[in-house]
Amino acid sequence: MLVSYQKVDDIGVISIDNPPVNALSQGVRQGILDAIKSAEDDDIKAIVILCEGRTFIAGADISEFGKPVQEPTLPQLNTAIESSGKSVIAAIHGTALGGGFELALSCHYRCAQASASVGLPEVTLGLLPGAGGTQRVPRLIGVKAALDLMTTGNKAGANEARDLGLIDRVLKGDLKEAAMDYARELIAKGAGLRRVRDISIPATSFGKEAFEDYRQQLNKRKRGQEAPQKIVSCVEAAMDKPFEEGLAYERSCFVECVQSEQSAALRHIFFAERQAPKVAGIAKSVVPRPVQRVGIIGAGTMGGGIAMSFANAGIPVTLLDASEEGLERGLALIDKNYGISVSKGKLSEEQATEREALISGTVDYEELVDVDLVIEAVFESMDVKRQVFSRLDEVCKQGAILATNTSYLDVNEIAGSTSRPQDVVGLHFFSPANVMRLLEVVKAESTADEVITTAMALGKRIGKVPVLAGVCYGFIGNRMLRQYAREAQLCMIEGAEPAQIDGVLTNFGMAMGPLSVGDLAGLDIGYKARQALTDEQKGDPRSYCIADALVELGRLGQKAGAGYYKYDPDTRARSTDPVVLDVIREQARKHGVQRRELSDEEILDRHLLALINEGFRILEEGIAQRPGDIDVVYVHGYGFPSYRGGPMFYASQRGLGNVLGSIEKLYGATGEPYWAPAPLLKKLVASDLTLDDWMAGNG
Ligand code: 3H9
């Protein structure tokens, strides 16, 4: 039964049991409403609402959005709870989120276990709290704190929530017993009904100007997103309008959000992230190997970032470098990074010290005999990697997983340099590895299912979003990135300035434009990598000649104060540099390119279509398991705006026929083989199928 009601002495207990997270599906809403009605008629003095399983209600059932609304709606239920003539007490454990916390806010009292947390994360789904949250929270904690809570979507731990005024009591001991004691205490005190809707917000507490400032700040922090701005409007309504009118206004804004493309995109990403670690074809009986200690080879920026990711999750790490100096530099960088987290208030001194203590350094491979997993993050050269792996093969215990963080190299070949290819896997982290959430798990020909399962479980344990990729040059993300980066170079040589290209892509919502990314990463990296390639491998010289010319002028990017832009040495502010424009024109002349004006639309389309066309190839070749995996890769590894759902979702929204038509036009105009439409895209359009149809096996 989803909801049960039981009378215990003079208290009615409503218990919700809808695993895994007690989401408020229609059956749950109906069950609670029925139970409230039964309790009203019963001879009791108070009602306690609590949940079975691992958590209090984690929100509305997200999978119901976009489908016809079924009554009772959550706002209807919450009104019924708040209107109850008996005191209703929410007893929270785990996470009370979104609609779940709004239900608790409609109760007359809230208590929570110390380990619980509460929050209104709707904004992360392109929504706003639509069951009274925007009207009740400001009444409880004031306008500014309410805006911060709802526009960030951050959770507050029980103690913090009590200090803010969101909950009334932090409980000790067993949830049910402690909640019943609290209810008895309230009855004994004659505490009565305390309805949040009856609390008024002082009209002077946050003026019109303050709302305007807040909106502008949000425009910067949440550029392009609709829901955060609507949250501000709802909170403004909470101040200006009577409760019922505010609630009606909130409802209309919520309905607009649910129907928006942004919310559809964010909900897609929510489910895609959770789907990604699931690997088709691996039996449920395959269990992950235990991982208690990790080794990392290479104390550079990448190795250090990976070490921090594990230490942050409480997993001890042995960091190995070939030289004492390299090791010292690496450990010093880790120390500096933790120091920055402390100075920004993200970690306490104590937490930083604890985490740092989990990382020990060595130059001796023998110290890796006990590790359960070792991740190699050394220089990107097959010879060097082969040497490292054969050494690991000698020292590591049987059953240890040997992983490479390579971005491009053939994981099959790396696995072949060991006597245990079944234990070798790619674990491709993204820089900065302690921050970026994407983890590509690269399955080589011989990688054992158990190793993949372990990698997925471990990825989740350290807070990453693991995505399975097959072996090919660049796996999922970097293989697509090559196509995208090529278009940035070609748009430049054909007539666009770096600032136009970056501007078009950041206006679309990308975290950074492609040329700013190049300057940040350092232009010398690509340059060095190209030096190792033959002319044929390098491809069309127009797609790298400007970058090469800049490197040869010493313009290595931000670190040199100059790259595609020049950078102010003090503020790091970037500006257009006429020298670069000369270089671009000179290269265009050299390669016989007639420069012209490029429209913003053309620039945007070429970049996005390049990603999408390659995405379809990757899908058809089985390099990615599903379109949603590609989207997760782009959102979490490459700054693609989550509110656009990733390149494949964007393609579906735009219409595959339209996408194909645009790619065919580019192919017709350029004749370049990379613009030949991906066969899968053609096939789907020809048979009028969607990507979902294809995934369901109907292609
Ligand atoms: C809302 O409430 C709107 C209201 O304001 C207004 C309404 C009118 N619905 O994350 P996990 C599934 S908007 C449906 O791996 P964890 C999830 O897909 C909602 N399904 O577990 C997964 O399925 P599967 C506001 C949901 O322990 C399984 O549960 N609330 C929902 O790492 C386990 O999830 C939120 O945004 C849902 N609401 O984390 C909270 N939530 O096993 C969203 C989860 O098939 N949820 N599932 O892959 C979360 O943040 C995390 O799930 C939570 C648990 C922290 C609760």
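## Strand β4, wrapped on both faces

Strand β4 (residues 87-92) is largely enclosed by the rest of the structure, because 6 of its 6 residues are buried. Here "buried" means under 20% relative accessible area, "exposed" means over 50%, and "partly exposed" lies in between, using a 1.4 Å probe and the protein chains only. Strands (E, at least two residues) and helices (H or I, at least four) are DSSP runs, numbered from the N terminus. This is a predicted model, in which local features need pLDDT of at least 70 and side-chain atom pairs count only at pLDDT 80 or more, while totals for chains, interfaces and linings use all residues. Residues are numbered from 1 along each chain as its sequence is written, and side-chain values use heavy atoms, with hydrogens and water left out.

In a regular strand the side chains alternate between the two faces of the sheet. You can follow both faces of β4 here: S87, I89 and A91 are buried on one side, and V88, A90 and I92 are buried on the other. V88 has a relative accessible area of 0%.

## The neighbours of β4

Which strands pair with β4? Strand β3 (residues 46-51) does so in the parallel sense over 4 bridges, and strand β6 (residues 109-113) also pairs with β4 in the parallel sense over 4 bridges. For two strands to count as paired, DSSP must find at least two bridges between them. On the β3 side, I47 stands opposite V88. To get from β3 to β4, the chain passes through helix α2 (residues 74-83), and this β-α-β crossover is right-handed. Right-handed means that, with the strands pointing away from the viewer, the path from the first strand over the helix to the second runs clockwise.

On the β6 side, A90 stands opposite R110. V88 and R110 are 22 residues apart in sequence, and their C-alpha atoms are 8.7 Å apart in space.

## Strand β10 and its partners

Strand β10 (residues 294-297) is covered on both faces too, with V294 and I296 buried on one side and G295 and I297 buried on the other. Strand β10 runs parallel to strand β13 (residues 373-376), and 4 bridges join the two. In β13, E376 is the bridge partner of I297.

Strand β10 is also joined by 4 bridges to strand β11 (residues 317-320), again running parallel. G295 stands opposite T318 in β11. The chain travels from β10 to β11 through helix α12 (residues 301-312), making a right-handed β-α-β crossover.

Now look at D372, which lies in the loop between β12 (359-362) and β13. D372 counts as buried, at 13% relative accessibility. Its side chain reaches the backbone nitrogen of Q292 at 2.7 Å.

## Around the ligand

How many residues surround the ligand? There are 27, and the closest are G99, E102, E122, R274 and K278. A residue is counted when one of its heavy atoms lies within 4 Å of the ligand. By class, this shell has 15 nonpolar, 5 polar and 7 charged residues. Nonpolar covers Ala, Val, Leu, Ile, Met, Phe, Trp, Tyr, Cys and Pro, charged covers Asp, Glu, Lys and Arg, and the others, Gly among them, are polar. The elements that each supply at least two shell residues are β5 (95-97), α3 (99-106), α10 (243-258) and α11 (261-275). Helix α11 gives the most, with 3 residues, while α3 is mostly covered, with 8 of its 8 residues buried.

Some atoms of the ligand can be matched with protein atoms. An oxygen atom of the ligand is 2.6 Å from an N or O atom in the side chain of E102, and an oxygen atom of the ligand is 2.6 Å from an N or O atom in the side chain of R274. A backbone N or O atom of A58 lies 2.9 Å from a nitrogen atom of the ligand. Taken alone the ligand exposes 1000 Å², and the protein buries 74% of that; these areas come from the Shrake-Rupley method with a 1.4 Å probe, and for residues only the protein chains shown count as cover.

## Backbone details in the loops

Two cis peptide bonds are worth finding. One joins E71 and P72, with omega about -5 degrees, and P72 sits in the loop between β3 and α2. Another joins S431 and P432, with omega about -10 degrees.

D9 has a positive phi of about 55 degrees although it is not a glycine, and F475, also not a glycine, has a positive phi of about 55 degrees. Are these residues buried or exposed? D9 counts as exposed, at 58% relative accessibility, whereas F475 counts as buried, at 0%.

Notes: Polar contact = N/O pair within 3.5 Å; in protein donor to acceptor, adjacent residues only side chain to side chain.
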